[in-house]
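Q: Please take a close look at one part of this structure, the last strand of the chain, and describe how it is connected to its surroundings.

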Amino acid sequence: MSKVICLWASPRNISTAMMYSFAQRKETKVVDEPFYAYYLNNVNSNTLHPGKKEILNSQSSNFIGVLKEFNELNNNKLLFIKNMT
């Protein structure tokens, strides 16, 4: 089982730099905003987002599916998850 660092951050701070620094570690798996597609698909449905279609095509919008992916990544020593508030 891995240790998990879950960083919840607001836009325009150093969260991306933190994520990239953890990505340099060989024993660390990094996940960038895994629930963003879910958010765009379910919560933000009436707001136009310039990259919405691309994000929905590149990420799972299934909440339970994302959680299952976390379990699959659990074989790394460290799992770093970056989320937006």
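The answer below begins with the chain as a whole and then turns to that strand.

A: The model is a predicted one, and what is said here about individual side chains should be read with that in mind. The chain contains 4 helices and 3 strands, and from the N terminus on these elements follow one another in the order β-α-β-α-α-α-β, with a strand, β3, at residues 78-84. The C-alpha atoms fill a box of roughly 40 × 30 × 20 Å along the principal axes, and 29% of the 85 residues count as buried. Among the contacts with a separation of 6 or more, 70% are made by residues that stand 24 or more positions apart. The exposed surface amounts to about 6,100 Å², of which carbon and sulfur atoms supply 54%.

Strand β3 can be followed through its residues, beginning with the nonpolar ones. The largest nonpolar core has 7 residues, namely V31, F35, V66, F70, L73, L79 and I81, and the elements that give two or more residues to this core are α4 (63-72) and β3 (78-84). L79, one of the core residues, is in contact with S2, K3, V4, I5, K29, V31, F70 and L73 once its neighbours within four places in sequence are left aside. Of these partners of L79, V31, F70 and L73 are themselves listed in the core.

The charged residue to consider in the strand is K82. The side chains of D32 and K82 meet in a salt bridge, with 3.3 Å from N to O; this pair links distant parts of the chain, since D32 belongs to strand β2 (residues 28-32) and K82 to strand β3, 50 residues apart. The two partners differ in their exposure, because D32 is partly exposed with a relative accessible area of 35%, whereas K82, at 2% relative accessibility, counts as buried. K82 also forms a salt bridge with E33, the closest N and O atoms being 3.6 Å apart. E33 lies in the loop between β2 and α2 (36-42) and K82 in strand β3, so this pair ties together parts that are 49 residues apart in sequence. E33 counts as buried, because its relative accessibility is 16% and the limit for that class is under 20%. Through shared partners, the salt bridges join D32, E33 and K82 into one network.

N83 also lies in strand β3. At 4% relative accessibility, N83 counts as buried, and, not counting residues up to four places away in sequence, N83 touches C6, L7, W8, A9, E33, P34 and F35. E33 therefore appears twice in this account, as a salt-bridge partner of K82 and as a contact of N83, while F35 is both a contact of N83 and a member of the largest nonpolar core.

For the wider charge picture, the structure holds 3 salt bridges. One of them joins the side chains of E27 and R25, at 2.5 Å from N to O; E27 is partly exposed with a relative accessible area of 30%, and R25 is likewise partly exposed, at 40%. Over the whole chain there are 10 positive and 6 negative side chains, and the centres of the two sets lie 4 Å apart.

Terms used: Residues are numbered from 1 along each chain as its sequence is written. This is a predicted model: local features need pLDDT of at least 70, side-chain atom pairs count only at pLDDT 80 or more; totals for chains, interfaces and linings use all residues. Side-chain values use heavy atoms; hydrogens and water are left out. Buried means under 20% relative accessible area, exposed over 50%, partly exposed in between (1.4 Å probe, protein chains only). Contact means heavy atoms within 4.5 Å. Accessible areas come from the Shrake-Rupley method with a 1.4 Å probe; for residues, only the protein chains shown count as cover. Lys and Arg count as positive and Asp and Glu as negative; His and the chain ends are not counted. The place of a charge is taken as NZ of Lys, CZ of Arg, CG of Asp or CD of Glu. A nonpolar core is a set of buried Ala, Val, Leu, Ile, Met, Phe, Trp, Tyr and Cys residues joined through side-chain atoms within 4.5 Å. A salt bridge is a side-chain nitrogen of Lys or Arg within 4 Å of a carboxyl oxygen of Asp or Glu.
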